[in-house]
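Morning, everyone. Let me put the model on the screen, and then we'll walk through its empty spaces and its overall build.

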Amino acid sequence: MKIVIVGAGIGGLATALSLEAAGLRDIEIHERSTEIRGLGVGLNLLPHAIRELTELGLAERISTLGVAPTTLSYMNRQGQLIWSEPRGVEAGYRWPQLSVHRGRLQLALRDAVIERLGDVIRLGHRLIDVRSGDEGREIARFENASGLQVEAEGDVIVGADGIHSALRALRYPAEGAPPWSGLTLWRGVAVVPGFLDGRTMIMAGDPEQKFVAYPLAPEQGDQGVRVNFIAERRGTGSPDADWNRSVEPEPIAALFEGWTYDWLDIPAVIAAAEQILEYPMVDRDALPQWTFGRTTLLGDAAHAMYPNGSNGGSQAILDARTLAFHLATAADIDAALAGYEEDRRPAMTALLSTTRATGPERVMQIARERAPEGFADIHEVIPAEELEEVANGYKRAAGFHPATLNERASLSAVRA
C-alpha cells in the first residue's frame, strides 16, 4: 500500500511516523515550502498526544524540547485566581503535558521521519489537483519549485496541509476563506523573570481580551525563563492579516496597560518579545465528509479550531495514529478510511463547537459576566462544582479525561 501525504507539518509528519510504526513504509510526503525551517511559536502537547508519541518511541526525544507544566491557572483581568488545576502526571495522567516550540517539534519529527523512512519528503511541491486512476488508486498533481508539474500515485492520499488546505479546497471549492472570530492574536517569545512556581501556564482576562503565558524551558536563575505568550483582543486587526506579519511590541503592550500583578507584569512581557507575529483568530466550519474515494483529510485541514484548550496539534497527532490504526487493521482501504472518519469526524465536530464556546476558558467568561470588577471569594461567584464541570466537560469532549485516557486501548497496531 502506497500512501501520499500532502503537508509536512505536525500532522503530516506524525502520520508518516504512525504509518511506519504500523508496518506501512511505502510513503511520500509532499510539502509546499521549499525548506522546513521550524518556524512558529509555542504549543502544548496534552497527555493524549504525549501518549501517542510515547508509543511511537519518541518520548525521550520530545521531552528534551520543552517543559512539563504542573499547573494551569485562570485569572480575571485583575489577576485574581478563578480556577487552577494540576496538569500532566500531577493530575493523575500516566503521561505528562509538554509545552514546546512548534518549530523545534516539527524539526524533531522531520528528523525521525528521515531516520526511519529515508528520503521521503519532497519539498517545493504545491498540490494543484487530484484525480482517480486505475484500480481505485488516486493521482495527485503538484507544481514544483521550478514551475514544473509532477505526479504522485497512491492507494491513499492524506491531506495534512493545514487550515488553507489545497486538498480541502478541491473537495469544497465554494468554501472560501476561514471565518474570522473578530479576535486578533499576537504571539511571541520572551525571556522574563520567572513567575509563580516557574512551571505554571496562566490565562488572564476574558473572551474580549486575554493574555496567555507558559514557560518553554526551565528557569535559568537570574537569567529568567523563556516563555511563550499569546495576547488577544477583540475588534483590533483584520481577517486579512498576513500570518507571518511581524509587528512592533509597544502598541500591543499598550493594549494591556494596567495588567500588572505582583507575580507578573504583562506589558513588560510583551515589550520584551524577540518578535511578535499577528494572526487573525480563525477556524473552519465543520465538514459533512472528510473522505472522497481514497483521499481523506487530517489535522487542521479537516478541523481547524480556535486555540481555546490548547488542543490543535494534539488532535492532529490523534488523527494520525487513528488513521494508521485503521489502515493496519481494517479488511480493506475503504473500510479503513470509513473507520477513521467514523472515529474522528463526529468527535472533532463536537470539539469545534466547544472551542467556539470558549472551551475550558469559559470560566473566565462566567467570572467576567458575574463579577466584572473582581471578587473577594470566587466561590461566591461561581460554585466549585460549576468550575469543575467546565474543566471536566472539556476534557471529556477532547478525549483526555484522566480516567478515560489512562484506560483506553492502545492505537498501536501492525498490519498483518
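Here is a question to start with. Which element gives the most to the lining of the largest cavity? Keep that in mind while I set the scene.

First, a caution: this is a predicted model.

Now the cavities. The structure holds three of them at 30 Å³ or more. The largest cavity has a volume of about 120 Å³. Its lining takes in 17 residues. Nearest the centre of that cavity lie L72, Y74, E85, R87 and P360. Four elements give two or more residues to this lining: β5 (71-75), β6 (81-86), β14 (200-206) and α13.

So, back to my question. The answer is α13, with five residues.

What about the chemistry of that lining? How many of its residues are nonpolar, polar and charged? The lining of the largest cavity divides into 12 nonpolar, two polar and three charged residues.

Next, the second largest pocket. Its volume is about 310 Å³. Here 19 residues form the lining. L318, R344, A398, G399 and R408 lie nearest the centre of this pocket. Which elements give two or more residues to the lining? They are α9 (312-329), α10 (333-356), α13 (384-398) and α14 (402-407). Notice α13 again: it is listed for this pocket, and it is listed for the largest cavity. The pocket lining divides into nine nonpolar, six polar and four charged residues.

Let's step back to the whole chain. Its secondary structure comes to 14 helices and 19 strands. The radius of gyration is 21 Å, and the globule rule gives 22 Å for 416 residues, so the chain is as compact as a globular protein of that length. Along the principal axes, the C-alpha trace spans about 70 × 45 × 40 Å.

How much of the chain is buried? Buried residues make up 56% of the 416. As for the outside, the accessible surface comes to about 16,800 Å². Carbon and sulfur atoms account for 48% of that surface.

One last number, on contacts. Take the contacts between residues at least 6 apart in sequence. Of these, 74% join residues at least 24 apart.

To wrap up, two places to look at on the screen. One is the largest cavity, with L72, Y74, E85, R87 and P360 nearest its centre. The other is the second largest pocket, where R344 and R408 are among the residues nearest the centre. Thanks, everyone.

How values were computed
Residues are numbered from 1 along each chain as its sequence is written. This is a predicted model: local features need pLDDT of at least 70, side-chain atom pairs count only at pLDDT 80 or more; totals for chains, interfaces and linings use all residues. Side-chain values use heavy atoms; hydrogens and water are left out. On a 1 Å grid over the protein atoms alone, a cavity is a set of points where a 1.4 Å probe fits but cannot get out, and a pocket is an open set with protein on both sides within 12 Å along at least five of seven lines; lining residues have an atom within 4 Å of a point. Grid points are joined across faces, edges and corners, and a volume is the space filled by probe spheres set on the points. Ala, Val, Leu, Ile, Met, Phe, Trp, Tyr, Cys and Pro count as nonpolar, Asp, Glu, Lys and Arg as charged, and the others, Gly among them, as polar. The radius of gyration is taken over C-alpha atoms; the globule rule is 2.2 Å times the number of residues to the power 0.38. Buried means under 20% relative accessible area, exposed over 50%, partly exposed in between (1.4 Å probe, protein chains only). Contact means heavy atoms within 4.5 Å. Accessible areas come from the Shrake-Rupley method with a 1.4 Å probe; for residues, only the protein chains shown count as cover.
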